[in-house]
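Okay, thanks for having me, everyone. I'll put the sequence and the model up, and then we can walk through it together.

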Amino acid sequence: MNLRKIVLVITLVLFLVLMFISMSNYAQYQEIVKLAAQVDPEVGKNNFDALLVWMQFPILLMIASLLTYMIFGDESLTRQVERSRK
């Protein structure tokens, strides 16, 4: 495994950890808002935050799949470039 693959694996792992942390923090935030809405109904009326988070979810999946492809599926492209240099 070369340095490029190691850096890509570390990047993918860190990205997935940060994505998990952000999703779990958002879930906790939603629970807090739900509890606060029981006391003050004005708090629970803002649903735009959920829309922004779920609009970013396909982008996060695309980045994760691109990093996965670069780690595991890029061997033939690397060989193709090396052959064209010779």
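Quick bit of vocabulary first: when I say two residues are in contact, I mean they have heavy atoms within 4.5 Å of each other. And keep in mind that this is a predicted model.

So, with that in hand: take the contacts in the chain between residues at least 6 apart in sequence, and 75% of them join residues at least 24 apart.

What is the chain built from? Three helices and zero strands, so to speak an α-α-α pattern when you read along the sequence.

Now the inside. Of the 86 residues in the chain, 15% are buried. The largest nonpolar core has eight residues: L8, L12, F15, M19, L60, A64, L67 and I71. Helix α1, covering 3-39, and helix α2, covering 48-72, each supply at least two residues of that core.

If you want one residue to click on, try L60. Which residues does L60 touch, leaving aside those up to four places away in sequence? F15, M19 and M23.

Okay, over to the outside. The accessible surface of the chain comes to about 7,000 Å², and carbon and sulfur atoms account for 70% of that. There's also a nonpolar surface patch of about 470 Å², made by L3, I6, V7, I10 and L14.

Let me pick V7 out of that patch. V7 sits in helix α1. Why does V7 count as partly exposed? Because its relative accessibility is 45%, and partly exposed runs between the 20% and 50% cut-offs.

That's my tour, happy to rotate the model for anyone.

Definitions and conventions: Residues are numbered from 1 along each chain as its sequence is written. This is a predicted model: local features need pLDDT of at least 70, side-chain atom pairs count only at pLDDT 80 or more; totals for chains, interfaces and linings use all residues. Side-chain values use heavy atoms; hydrogens and water are left out. A nonpolar core is a set of buried Ala, Val, Leu, Ile, Met, Phe, Trp, Tyr and Cys residues joined through side-chain atoms within 4.5 Å. Buried means under 20% relative accessible area, exposed over 50%, partly exposed in between (1.4 Å probe, protein chains only). Helices (H or I, at least four residues) and strands (E, at least two) are DSSP runs, numbered from the N terminus. Patches are made of residues with over 30% relative accessible area and no salt bridge: like charges are joined within 9 Å, nonpolar side chains (Val, Leu, Ile, Met, Phe, Trp, Tyr) within 5 Å. Accessible areas come from the Shrake-Rupley method with a 1.4 Å probe; for residues, only the protein chains shown count as cover. A salt bridge is a side-chain nitrogen of Lys or Arg within 4 Å of a carboxyl oxygen of Asp or Glu.
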